[in-house]
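The following exercises ask the reader to examine enclosed and open spaces in a structure, together with the ligands bound there. Each task is followed by a worked solution.

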Amino acid sequence: MQTDTICRFCSSCCPVVAETENNRLISAKRKSFLPDERQLICPKLQAAADIVYSPERLQKPLIKDGAGNFQEASWDEALDMVAERFLYFKKESGARSVCWLRGMAADWGAPWDYVNRLMNGFGSPNSIGNGSVCHVGREFAHTITYGAMTVPLLQKAKCILVWGKNDRDTNPMAAEAILHARQNGAKLIVVDPVRTFFAARADIWLQVKPAHDGLLAMAMIHEIIAHNLYDGDFVDKWTVGFDALARSAAQFPAEKIAADIWLDPAAVKEAARLYATTKPACIVDGNGLDMQVDAFDATRAVAMLRALTGNLDVPGGDFIPQPVAARNLQLRDRVPFEVKPVTGDYPQFNEFNATWGKHVQSCVVDAILDEKPYPVRMLVSQSGNPVVTLMDAGRVERALEKVEFLVVIDKFMTRTARMADVVLPASSCFEKTQLNRAYLRNRLVRIQNQVIEPLAESWPDWKIIFELGRRIGLDDEFPWQTVEEAIDYQLEPSGITVQMLRDNPDGVPAGDLRFAKHSSDGFNTPSGKVEFYSRKLEENGFPPVPFAHGFSPEPISFSDQKDKYPLLGISGARSNRFTHSQFHQVPSLSMNRKGCTVDIHPDDARTYGIVEGDNVRVETPRGRIVMPAGISEVIHPGSIRIAWGWGDLNPDYSLNRLTDDDRRNPIIGTPSGRSFMCRISKER
Ligand SMILES: Nc1nc2c(c(=O)[nH]1)N[C@H]1C(S)=C(S)[C@@H](COP(=O)(O)OP(=O)(O)OC[C@H]3O[C@@H](n4cnc5c(=O)[nH]c(N)nc54)[C@H](O)[C@@H]3O)O[C@H]1N2
Ligand SMILES: Nc1nc2c(c(=O)[nH]1)N[C@H]1C(S)=C(S)[C@@H](COP(=O)(O)OP(=O)(O)OC[C@H]3O[C@@H](n4cnc5c(=O)[nH]c(N)nc54)[C@H](O)[C@@H]3O)O[C@H]1N2
Ligand code: SF4
Ligand SMILES: [Mo]
């Protein structure tokens, strides 16, 4: 039998067709607009059945006994225990002492709404996502500039600027669209410190020094303004703060900044010119911009390039999305105003969006370890593996050892789950129906359909939350017995129902496609225009224009200790066989640890006497790891690149044992986990 659904093995949310036989998943195929022979392969999807039926999947709820061993339990026993702890800590220390931490896989949609509903209904403001290192900080930077995060319309673009994104390995749908546009003659510019698949095929590849994107973007803005390459009509009618932006950008002309960020000034100018003069153009920005202390202003500057060149909301440019009308399920007003979240130091970021929620996960670790702004005593970690994926993993481990009660909801016994008091087994994406946030963002709604029954005694996340909610007294808030009822309730304002979505597997459009919406509606900013200059930021004590107060002298962690840590470490690469710490235990994907390497440039390898396959020790002031060396020219001499995500398999490979979480962006709380100074030596 074939069923249309959405794959959620990573955040790309690809529409797929699943093939099942007698309630068993056989295979799944990604839908694509390209003919079969031109489609890209996703190895994770190809291994879908290996993942779903992995012998390592959690089968039953587990409760840790007094001796520290897990014992199997019934759902009633496990949920009653978790509910009892919720109520106990609320009575002892207030609801805010209970925190819910969410990872990437928590389905950027309804289930996150359900968690917020449960936590707010309970009275705790602490449902915290990981968006300060992934996407949400970037979304805020777009939003403060022109009211929403844009969607690059790749297929029809004539020029594509890829900024810190490696779609070939992280998002095949987007990569196919880039390849298609390229075949139709689109120009391609790539900004990446690594020679990626697309960098190698670009018209211009800017091998920027990691963490210095802000400088590059400002130099490009300056070039465009100084040579009158901007869209004067659009700027006059639809922007505020142009002069202030021009002044800030004038601090950073290409001639002055390029050499320090590994670039040739002529290439920077050429890239600015090509981007500004080839219409329509779109920019794909990615996680290369996140996980840097300057992520907010760097992303704002990149966003401003779109507006300066008049590429906003035009076909082939950067589309302002048309969100789907849906109920806000989060019950935010149920938490008294004076009860602040642990992320209270980042009020702008907490509040910029009515449904995103809060996202500075580092603050959860602070609250447990340092008890600031107040102690968190109980933690639920859902669909995340924080001891591997949060910055400064050693600190996270200490926090999880300290927290008084830890619940983990996962599909696998991760390193985080091993530390838990209670482990609740979650069903995989093919075992549950769900509405994903990705499909509420922009017009075309699709549904993720359950295609097989939940494995063993696992439960879908929605069911875990509804049942737990009812056990902590939220019967009225969780009246739904099925997820379909909850989705119908949420989608009611749009007039779309689960049945309609099932009848239309390729999506139900919520409204007509419209371009240049600002001409009738304005932009969704305080001024109704694109804000090169943000009064809101200024009023809150932040630079109103990107880098108005100059550029960070040291955006890379541990730069003050360069003498001891002379090499620049880059966090990457993300292989298309994995999602973060996931799937390394699946033999068909692990492929005997293929790609688990520290990439070292041949020049540096010679200096350190290292050859391919040697075990290399990498150290920073936070910790050390040991991994085999890979000799590679895709990186710049003086930098190394460490394979991402292998830390769950073996803590020796745990990249975040090296990263820093002390210094954070003041607006979005992002630490500079992407780039850090380090040293290497041959492990004997
Ligand atoms: N296979 C796979 N796919 C995934 C995931 C996964 O783990 N595995 N994770 C999913 C998630 S949650 C996310 S957020 C996305 C992320 O997907 P992407 O946005 O593509 O992120 P990355 O591949 O981490 O990094 C993108 C590029 O940024 C470059 N980069 C590193 N530092 C810098 C810098 O300082 N400046 C610039 N300009 N570039 C830099 C890297 O070399 C890399 O080529 O992928 C999603 N898809
Ligand atoms: N150094 C460094 N650190 C990074 C990154 C990096 O590139 N370098 N990337 C960052 C980014 S972009 C992100 S998004 C984060 C990711 O951080 P995490 O979200 O913590 O990463 P994952 O390893 O994907 O963990 C997801 C967990 O959810 C489980 N899971 C999968 N599906 C489900 C489900 O349906 N329900 C439940 N309950 N559980 C499920 C998986 O088994 C897995 O254990 O890491 C960040 N940290
Ligand atoms: S890229 Fe692969 S793993 Fe990620 S959602 Fe798409 S098919 Fe699934
Ligand atoms: Mo992410």
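**Exercise 1: The largest cavity**

Sorted by class, the residues lining the largest cavity of this predicted model comprise 10 nonpolar, 4 polar and 4 charged.

Task: Determine how much space the largest cavity holds and which residues are closest to its centre.

Solution.
1. The structure contains 3 cavities of 30 Å³ or more.
2. The largest cavity encloses about 140 Å³ of space.
3. Its lining consists of 18 residues, of which Cys-10, Cys-14, Cys-42, Lys-44 and Pro-172 are the closest to the centre.
4. Helix H1 (43-46) and helix H6 (167-170) are the elements that give two or more residues to this lining. The largest share, 3 residues, is that of H6.

**Exercise 2: Ligand 3**

Task: State where ligand 3 sits and which residues surround it.

Solution.
1. Ligand 3 sits in the largest cavity.
2. The residues around ligand 3 are Cys-7, Phe-9, Cys-10, Ser-12, Cys-13, Cys-14, Arg-30, Cys-42, Lys-44, Leu-45 and Pro-172.
3. Divided by class, this shell has 8 nonpolar, 1 polar and 2 charged residues.

**Exercise 3: The second largest pocket**

Task: Describe the lining of the second largest pocket, and explain why this pocket lies between two domains.

Solution.
1. The second largest pocket has a volume of about 950 Å³. It is lined by 39 residues, and those closest to its centre are Gly-147, Ala-148, Pro-323, Asn-353 and Asn-524.
2. By class, the lining of this pocket has 16 nonpolar, 13 polar and 10 charged residues.
3. At least two lining residues come from each of helix H5 (136-146), helix H20 (438-441) and helix H24 (518-521). H5 gives the most, with 5 residues.
4. Residues of the lining belong both to domain 1 (62-135 + 344-509) and to domain 2 (150-320 + 517-539); the second largest pocket therefore lies between them.

**Exercise 4: Ligand 1**

Task: Identify the residues closest to ligand 1, and find which backbone atoms lie 2.8 Å from an oxygen atom of this ligand.

Solution.
1. Ligand 1 is surrounded by 30 residues, the closest being Asp-192, Asp-213, Arg-574, Phe-578 and Arg-674.
2. For Ala-211, a backbone N or O atom is 2.8 Å from an oxygen atom of the ligand.
3. For His-580, a polar backbone atom is likewise 2.8 Å from an oxygen atom of ligand 1.
4. Asn-287 also has a backbone N or O atom beside the ligand, 2.7 Å from an oxygen atom of ligand 1.

Methods
Residues numbered from 1 in each chain as written. Chains lettered and ligands numbered in written order. Predicted model: local features only at pLDDT ≥ 70, side-chain atom pairs only at ≥ 80, totals over all residues. Heavy atoms only, no water. Near = heavy atom within 4 Å. 1 Å grid on protein atoms, 1.4 Å probe; cavity = no way out; pocket = protein on both sides within 12 Å on 5 of 7 lines; lining within 4 Å. Sits in = over half its atoms within 2 Å of the grid points. Nonpolar A, V, L, I, M, F, W, Y, C, P; charged D, E, K, R; others polar. Points joined across faces, edges and corners; volume = space filled by probe spheres on them. Helix = DSSP H or I, 4+ residues; strand = E, 2+ residues; numbered from the N terminus. Domains from an automatic or database assignment. Polar contact = N/O pair within 3.5 Å; in protein donor to acceptor, adjacent residues only side chain to side chain.
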